[in-house]
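Work through these exercises with the model open beside you. Try each task before you read its solution.

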2 protein chains.
Amino acid sequence: MHILVIGAAGMVGRKLVEKLAAEPGSLGFDVSRLTLADAVAPDVPAALPGVAEAMTVDLSTPGTAQTLIATRPDVIFHLAAIVSGEAEQEFEKGYAVNLDGSRELFEAIRIEGAREPYFPKVIFASSIAVFGQPFPDKIGDAFFTTPLTSYGTQKAIAELLLADYSRKGFFDGIGLRLPTICVRPGKPNKAASGFFSNIMREPLAGQEAVLPVDEKVRHWFASPRAAVGFFIHAARLDTGRMGPRRTVTLPGLSATVGEQIEALRRVAGEKAVRLIRREPDETIVQIVDGWPRNFDARRALDLGFQAETSFDDIIRIHIEDELGGRYP
Amino acid sequence: MHILVIGAAGMVGRKLVEKLAAEPGSLGFDVSRLTLADAVAPDVPAALPGVAEAMTVDLSTPGTAQTLIATRPDVIFHLAAIVSGEAEQEFEKGYAVNLDGSRELFEAIRIEGAREPYFPKVIFASSIAVFGQPFPDKIGDAFFTTPLTSYGTQKAIAELLLADYSRKGFFDGIGLRLPTICVRPGKPNKAASGFFSNIMREPLAGQEAVLPVDEKVRHWFASPRAAVGFFIHAARLDTGRMGPRRTVTLPGLSATVGEQIEALRRVAGEKAVRLIRREPDETIVQIVDGWPRNFDARRALDLGFQAETSFDDIIRIHIEDELGGRYP
């Protein structure tokens with residue numbers, strides 16, 4: 001089977017590719033060809049010589065989607081996106097990549113299928129940013145999408161297109177609304193959500209981290225390992241079980257910042273917790289106040305998607321996958 | 001104020017224009033200019049000489065939206081659409097008009113505003129086709145949009161765009177999810193929903209009508225007069241009361257076919273009811289089975305939108321507005 005990963009240089013895309021390289025049977029079939037596409041050159045895993053190839057593409061450039069689809073991949077993981085902050089700053093660019101890029105991908109598949117029968121599986125990375133406050137304490141599977149960012153709007157629109165193209169039989173689509181991924185590896189960044197990872201990752205590396213919000217702030221998390229698991233599970237899932245509702249809110253762990261810190265204390269001790277410096281930032285407080293806190297992700301659980309059930313596990317996964325299992 | 005009606009030749013568009021011509025103060029301000037646009041030439045009301053002009057336009061043709069917006073209308077009623085059945089048959093045409101046409105209109109406003117400050121009110125005709133079964137007996141204001149047609153998908157996407165463009169301050173948008181309009185004037189047509197009106201209108205005109213479904217079938221209705229009232233009310237509404245959630249499910253009347261027939265009996269007597277001929281059509285039974293039956297439209301009611309509360313009234317409005325008040 002030929003697998004295409006669009007957005008293969010991103011954090012989750014990279015980890016998905018690593019998993020496919022390490023366990024090529026994890027999808028339930030052989031990976032005979034693996035195409036890795038992104039706006040910056042994706043790394044080609046050494047474990048897959050002659051199988052994997054990298055392509056540097058701009059999904060918003062006309063013809064790009066057709067070029068990718070002309071190779072008729074059997075499974076397409078579509079993770080490419082302009083992130084939330086940038087899509088909000090650069091209105092046209094966000095729509096060009098997140099909406100038009102996704103639509104052109106879907107259109108390229110439809111047109112290829114009209115030329116010669118073709119019915120790939122398409123796994124689309126959506127986001128809980130499709131939801132906007134006010135919401136109930138636990139957001140259920142039938143709650144409406146009222147995004148408060150252009151990014152969330154673009155994701156919600158792509159979900160609707162994915163469902164309609166699937167309903168019309170142009171491809172077999174699944175949309176995955178990812179929780180906030182934590183602990184995100186790498187350097188601290190300026191994303192408003194960055195602190196949720198920073199206050200775990202930096203102390204585990206012996207570095208100080210800034211906490212800009214109150215410990216009572218509650219949010220919705222899954223580990224990078226769980227995220228990869230969601231995509232693998234979606235690729236194996238019989239979508240006949242989903243009917244025409246092709247997007248699911250994925251399971252996650254609802255935790256307060258205080259609960260994160262207690263987990264860090266249990267796993268890494270007081271000296272890690274002491275590296276968290278309180279420095280309230282009213283801008284971040286305001287932004288985070290509009291974010292979902294908790295979900296009842298019953299449908300995804302019924303479909304077999306799995307996430308962590310304790311923050312201790314999320315921290316241990318970071319230590320295992322990013323720190324070589326060594327802490328302190 | 002300059003008013004633009006796109007889709008002015010359609011049934012609701014025409015009645016909206018008639019209302020503006022008959023009561024030019026109904027919007028709460030003077031109508032100094034009225035532009036009527038549609039794919040077929042709209043009628044210009046005789047009551048508005050020198051004020052109204054008609055334009056024949058195809059909203060899916062590049063440049064059309066810019067031409068309309070270059071005249072900088074203050075209030076834009078956007079009712080233009082490829083209808084449900086046609087959008088389902090002609091996939092590309094439906095997307096070109098219902099999605100791209102709406103988006104190009106919104107883009108033209110954004111770009112005009114970047115050139116020179118411009119902040120029109122945009123009232124967009126959406127539909128309860130944004131909902132797809134299964135649903136609860138009463139669909140609430142926070143229920144998710146899972147359309148089962150391309151038409152419903154295109155309307156749901158335009159709602160999301162309308163909200164995002166409003167949130168970004170490009171215009172002041174309101175989306176209106178119209179109930180099924182009944183009694184629809186004119187000839188019987190082949191729309192699957194046509195019988196809801198046919199079984200009222202034809203007997204009132206002394207003609208036979210076919211009922212293809214069971215009398216227990218329940219659906220969601222408002223009169224053409226109520227529909228015009230929704231658009232007028234939206235044009236006058238302070239959208240500050242809506243926050244970022246810019247689309248409302250409008251109020252309507254939930255009635256079974258049996259209740260429709262009882263109302264016809266009360267208003268027009270047994271001889272009208274005898275003109276309804278039962279002729280079950282399994283295709284229509286199946287289609288109608290997937291449609292919403294009832295809503296809890298609390299938010300729209302709180303915002304002051306009003307619909308009929310009895311089917312007797314819906315029939316009387318048809319007699320007053322279409323039959324010159326004369327029946328039998």
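**Exercise 1. Relate the two chains**

Task: By what turn and what shift can chain A be laid on chain B, and what kind of axis is that?

Solution.
- Step 1. Superpose the chains: a turn of 180° and a shift of 0.0 Å along the axis lay chain A on chain B. The RMSD is 0.0 Å.
- Step 2. Name the relation: this is what a two-fold axis does.
- Step 3. Find the axis in chain A. The C-alpha nearest to it belongs to Phe144(A), at 1.9 Å.
- Step 4. Keep the source in mind: this is a predicted model.

**Exercise 2. Describe the contact between the chains**

Task: How many residues does each chain bring to the contact, and which element of chain A gives the most?

Solution.
- Step 1. Count the residues: chain A supplies 18 and chain B supplies 18.
- Step 2. Look for the main contributor on the side of chain A that touches chain B. Helix 5 of chain A gives the most, with 7 residues.
- Step 3. Sort that side of chain A by class. There are 9 nonpolar, 5 polar and 4 charged residues.
- Step 4. Compare the surfaces. Of the interface residues of chain A, 100% are also interface residues in chain B, so the copies meet through the same surface.

**Exercise 3. Trace the sheet of chain B**

Task: What is the strand order of the open sheet in chain B, and which are its edge strands?

Solution.
- Step 1. Read the order across the sheet: 3-2-1-4-5-6-10. The sheet is open, has 7 strands and is paired in parallel.
- Step 2. Take the two ends. Strand 3 (52–56) and strand 10 (247–249) of chain B are the edges, and each pairs on one side only.
- Step 3. Check the twist. Neighbouring strands of this sheet are turned by 15° against each other on average, direction ignored.
- Step 4. Zoom in on one pair. Strand 5 and strand 6 (residues 172–178) of chain B run parallel and share 7 bridges. Ile123(B) faces Ile174(B), which is in strand 6 of chain B.
- Step 5. Add a helix. Helix 1 (residues 11–22) of chain B lies across strand 1 (2–6), strand 2 (33–38) and strand 4 of chain B. Its direction is at about 160° to strand 1 of chain B.

**Exercise 4. Place strand 2 of chain A**

Task: Why is strand 2 of chain A largely enclosed, and with which strands does strand 2 of chain A share bridges?

Solution.
- Step 1. Count buried residues. In strand 2 (residues 33–38) of chain A, 5 of the 6 are buried, so the rest of the structure largely encloses this strand.
- Step 2. Look to one partner. Strand 1 (residues 2–6) of chain A runs parallel to strand 2 of chain A, joined by 5 bridges. Here Ile6(A) has Ala37(A) as its bridge partner.
- Step 3. Look to another partner. Strand 3 (residues 52–56) of chain A is also parallel to strand 2 of chain A, again with 5 bridges. Leu34(A) stands opposite Ala52(A) in strand 3 of chain A.
- Step 4. Follow the connection. Strand 1, helix 1 (residues 11–22) and strand 2 of chain A form a β-α-β unit, and the unit is right-handed.

**Exercise 5. Examine Gly13(A)**

Task: Is Gly13(A) buried or exposed, and what is it in contact with?

Solution.
- Step 1. Locate the residue: Gly13(A) sits in helix 1 of chain A.
- Step 2. Apply the cut-off. A residue is buried if 20 or more other C-beta atoms lie within 10 Å of its own. Gly13(A) has 24 such neighbours, so it counts as buried.
- Step 3. List contacts, leaving aside neighbours within four places in sequence. They are Val5(A), Gly7(A), Ala8(A), Asp38(A) and Leu79(A).
- Step 4. Look along the chain. Ala227(A) is 214 residues from Gly13(A) in sequence, yet the C-alpha atoms are 9.7 Å apart.

**Exercise 6. Find the unusual backbone**

Task: Which peptide bonds to Pro134(A) and Pro134(B) are cis, and where does Arg72(A) with its positive phi lie?

Solution.
- Step 1. Recall the background: most residues other than glycine have a negative phi, and most peptide bonds are trans.
- Step 2. Check chain A. The bond joining Gln133(A) and Pro134(A) is cis, with omega about 0°. Pro134(A) is in the loop between strand 5 (121–127) and helix 5 (150–167) of chain A.
- Step 3. Check chain B. The bond from Gln133(B) to Pro134(B) is cis, with omega near -5°.
- Step 4. Turn to phi. Arg72(A) is not a glycine, but its phi is positive, about 50°. Its loop runs between helix 2 (64–69) and strand 4 (75–78) of chain A.
- Step 5. Judge exposure. Arg72(A) has 14 C-beta neighbours inside 10 Å, so it counts as partly exposed.

Terms used:
Residues are numbered from 1 along each chain as its sequence is written. Chains are lettered from A and ligands numbered from 1 in the order in which they are written. This is a predicted model: local features need pLDDT of at least 70, side-chain atom pairs count only at pLDDT 80 or more; totals for chains, interfaces and linings use all residues. Helices (H or I, at least four residues) and strands (E, at least two) are DSSP runs, numbered from the N terminus. A residue is buried if 20 or more other C-beta atoms lie within 10 Å of its own, exposed if 12 or fewer, and partly exposed in between; C-beta atoms are placed from the backbone. Two strands pair if DSSP finds at least two bridges between them. Axes are lines fitted to C-alpha atoms, for helices over the stretch in contact, and angles run from 0 to 180 degrees between N-to-C directions. Two residues are in contact if their C-beta atoms, placed from the backbone, lie within 7 Å. Copies are superposed by least squares on the C-alpha atoms of residues with pLDDT of at least 70 in both. A crossover is right-handed if, with the strands pointing away from the viewer, the path from the first strand over the helix to the second runs clockwise. Ala, Val, Leu, Ile, Met, Phe, Trp, Tyr, Cys and Pro count as nonpolar, Asp, Glu, Lys and Arg as charged, and the others, Gly among them, as polar.
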